[in-house]
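Colleague: I am new to this structure and would love a close look at a single part of it. Could you take me through one open space and then show me what else is worth seeing?

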Amino acid sequence: MKLYVSQSSAAAGCVAVDDMILTTDQPTAAGSKMLDGYMSLFGAEVVEKIKAAGYEVGGKVNVGEFSIDMLGETSFYGECADESGKLAGAVAEVVKADGVKACLTLDVNGMPRRAAAIAKTVFLKPTYGTVSRYGTIPVACSGETVGVMANTTANLRDVLEAVIGHDDKDGTSLSDEKCALLKRDSDFKAVKKIAVIKAMTDKVDGAVAADIDAFKAVAEKNGIEVCEIDGSELLAAKAAWNVLMSAELCNNVSRYDGVKYGYRTPNYTNIDELYTNSRTEAFGMLLKSAILYGSQSLLYTEKNRGAYDKSLRVRRVVYDYMAKLFEEYDALLMPVCSKAAYTKADTDSNVTLSFEENVYTAPASITGLPAVVVNGVQLVGKAFSDSALLAVAEICEKEGK
Amino acid sequence: MRYETVIGLEVHIELATESKIFCSCSAKFGGEQNDHVCPACCGMPGMLPIVNKHVVDLGMAAGMMLNCDINRVTTFDKKSYYYPDLPCSYQTTQWFAPVSVNGRVDIETSKGKKSIRIKQIHMEEDAGKLVHDDWTNTSLVDFNRTSVPLIEIVSQPDLSSAEEVIAYLERLRSLLRFAKVSECRMEQGSMRCDVNLSVRPEGSDVLGVRTEMKNMNSLSAIARAIEYETARHIDAIENGTEELVQETRRWDDTKGASFAMRNKETAGDYRYFPDPNVMPIVIDDEWFNTVKSNLPEFPEVKKARYIDELGLAEGDAEHLIQSRAFCDCFEGAYEVCGNAKEAANWLIFDCSKILNQKQQTVDQLNISGKALGELIKLVLDEKVSRANAKKILSAMFEEELDPAEYAKANGFIVSNDTGAMESVIAAVIAADPKSVNDYKNGKEKALMALFGKCMKELKGNCNPQVLREMLLKSIENA
Ligand SMILES: [Zn+2]
């Protein structure tokens, strides 16, 4: 299993960053042949922040190509699977097995959440805009967020503290006052009522169902009311997110054209062949599918405003629906994926599996709302409720398993 | 059959900002190739666009000068296409909510007055430049111009002749130079024009097949291209010489003909969508009013004021309003010296002459109105002679200086020391008895010679009237 793409130092207690986060002392390739060996002229704001907080930056952790896959299976640098073929996200394995304090990882399409669920680590995708995206490889800018993966909630909190905050270099970065809201409610008692999304939990396998039951038991034991609601409306987030993510991805990766940097085909006689062959030879199947899908969704005529436009409206509908739920509930409980384990065979036979399994991660991705993964389950809360969600994760940690 | 030409223009204007639209690189013209670049404007991943507020100021100012409505919430969108001079393979522009919409520009031609409707003004980034080397058969890219801010002014198809197009472009240039939005220098490419043209039978309300000529950057070439393209369209319609298709054409000014480039993409092909990294820009009342209050008077309002209130001749007023720099300097000088006619003359004759010698344009005038006013005041108060004042003016073009102090330091202050004048006159008369006699015998010119010698001795620093009187008296007594 390939955990690191490059490793400058992996001292115990360091903070590792994934291959989507730019560093100036190690290459950043977004798991793609296109950017193999790419050295950035500048480092990500989150890297500067963890350094400023006194942490050593660990190795670059392996991710799938532009991090839109299930668990890193599309990486140019080798699979994230063990000898039995079981997939495991490297971003979770490094905190579980390699002694790093935490791993910063860009949550584009739910991969870090799936990795945390499978490895049973803790992961937070914070409220959109509270962690700078400056210096992260752009894919789906309207929803992707740098998250923190750790073995324990305490470690996660330490590193989160270091990376949240306003950044002038990111136009979507929220003010420091807004970011400070994350630090409120560190008592789990702020979460009084949790709704389990039945439309999602109905579809999961036995092991995942057991995780959900275990969570319910812990929550109820601690005085948190757990209800079941249908929540089918949330299933619409997947299709809309797939469109928005692919459209933005298609646009963002169009800069990799073989002209300025990155992979350039030796097989060309004119500019069209240079573009086509460079991209054909360097990009993998899942990425190509997403590019085609995204490109198609952005086409429109005077009469038909296209799938992208409709998906923007669905984003609004999903956000409004969730806002309504949060009037009654403090958090929504969702599975992270339908199975407790995936194999290489699953993704080999279905290259775009992550565009189906993201039905569970899309609601938080498309709305930018915070999501915590702990003990294999996912809690999604209202904006800035990150700290309260982590407090619930903490009691699970103490009493779960 | 008689035909009419229907023309709409898309005018690209580079904004006069210090830095680029989304990064802090210099937006100045020139520089070594790829000198003004950073990871953001050469398309490296991870940099996020931060909007240069001054660009929005200028986009609003342009809209206000062209009678537009300002969109109080304006957004940036991405336009996708592949070209090696476009580092991200998308251009950030405004498609859904441009900064200014629904404007109007009034023009005047030999056929009278006309209003040209403005559809919209949007802000966007420029692309880079390809440099082809035929010798080595390579192409290189210069990213200095990438992300330099532009506005694109899109007119409705309200223009119908080359004369109107030129009147419209000159009007745009004058208004935008006045508002300091851009220098609008076609020869440097800071004003470029796409001409959309079609032809239809006179009086018809159906538009003909439209062709677009891109990146025109000289008024005379635009006029020739319009004549050519109109004739080509009519020929195609009347004689079936070719089938007209909607396409982009390149105008070759040396060959005097246009050539097809590629079929025009439709808007959908550009896959426009809102840039998620740039939050919608909200223009509140305070911002709106600040930009509005900084707008200059319209040139013709100024002209009327110069004539009616300050008593300038129409020709002089017209001359001044050709340049905002001249107007600013004129108004500053008038405020100090109180004599509009003098201030205008100094600018129109003396300053223009110096600019000419320096091969600079009127917009490059860099002397302050206050200093010019002080200089004029020295002349009007007879403290400095006109000839010496012109020397001081030349010096003012080289460095910022206080005219009075400079005059003092260089011995240009008129002396009313009649003793000194008397002794000079006496010496000149004594040295040239011939001229004295010539004058006495009726040769007027001889007096000028004597006067000139005295003036030279006194270095011009005397009141000429007084000198003349004293000289005459001395000759009589000689
Ligand atoms: Zn730059």
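What volume does the second largest pocket have?

Modeller: Happy to help! Please keep in mind that this is a predicted model. The second largest pocket has a volume of about 830 Å³. Its lining is made up of 29 residues, and those closest to the centre of the pocket are A:Tyr128, A:Ser142, A:Arg315, A:Arg316 and B:Met279. Two elements of chain A, helix 11 (306–328) and helix 14 (362–367), each give two or more residues to this lining. Helix 11 of chain A provides the largest share, with 5 residues. Sorted by class, the lining of the second largest pocket has 17 nonpolar, 7 polar and 5 charged residues.

From this pocket we can turn to the cavities. The structure holds 4 cavities of 30 Å³ or more, and the largest cavity has a volume of about 310 Å³. There are 27 residues lining the largest cavity, and B:Ala40, B:Met47, B:Pro49, B:Cys88 and B:Tyr90 are the closest to its centre. By class, 16 nonpolar, 6 polar and 5 charged residues make up the lining of the largest cavity.

Next comes the metal site in chain B. The zinc ion has four protein donors, the SG atoms of B:Cys23, B:Cys25, B:Cys38 and B:Cys41, which lie 2.3 to 2.4 Å from the ion. The angles among these 4 donor atoms are 100 to 115°, and the site of the zinc ion is tetrahedral. For comparison, the ideal angle for four tetrahedral donors is 109.5 degrees. Along the sequence, the donor residues follow the spacing C-x1-C-x12-C-x2-C. B:Cys23 and B:Cys41 both lie in the loop between strand 1 (3–14) and helix 1 (53–65) of chain B, so this pair ties together parts that are 18 residues apart in sequence. Both B:Cys23 and B:Cys41 are buried.

One last stop in chain B is B:Ala325, which sits in helix 7 (residues 324–337). B:Ala325 counts as buried because its relative accessibility is 18%, and the cut-off for buried is under 20%. Leaving aside residues up to four places away in sequence, B:Ala325 touches B:Val362, B:Asp363 and B:Leu365. B:Val436, by contrast, is 111 residues from B:Ala325 along the chain, and 50 Å separates their C-alpha atoms.

Key. Residues are numbered from 1 along each chain as its sequence is written. Chains are lettered from A and ligands numbered from 1 in the order in which they are written. This is a predicted model: local features need pLDDT of at least 70, side-chain atom pairs count only at pLDDT 80 or more; totals for chains, interfaces and linings use all residues. Side-chain values use heavy atoms; hydrogens and water are left out. Donors are N, O and S atoms within 2.8 Å of the metal (3.2 Å for Na, K and Ca); water is not among the atoms, so sites may look incomplete. Four donors count as tetrahedral if all angles lie between 85 and 135 degrees; four count as square planar and six as octahedral if opposite donors are over 155 degrees apart and all others between 65 and 115; anything else is irregular. Helices (H or I, at least four residues) and strands (E, at least two) are DSSP runs, numbered from the N terminus. Buried means under 20% relative accessible area, exposed over 50%, partly exposed in between (1.4 Å probe, protein chains only). Contact means heavy atoms within 4.5 Å. On a 1 Å grid over the protein atoms alone, a cavity is a set of points where a 1.4 Å probe fits but cannot get out, and a pocket is an open set with protein on both sides within 12 Å along at least five of seven lines; lining residues have an atom within 4 Å of a point. Grid points are joined across faces, edges and corners, and a volume is the space filled by probe spheres set on the points. Ala, Val, Leu, Ile, Met, Phe, Trp, Tyr, Cys and Pro count as nonpolar, Asp, Glu, Lys and Arg as charged, and the others, Gly among them, as polar.
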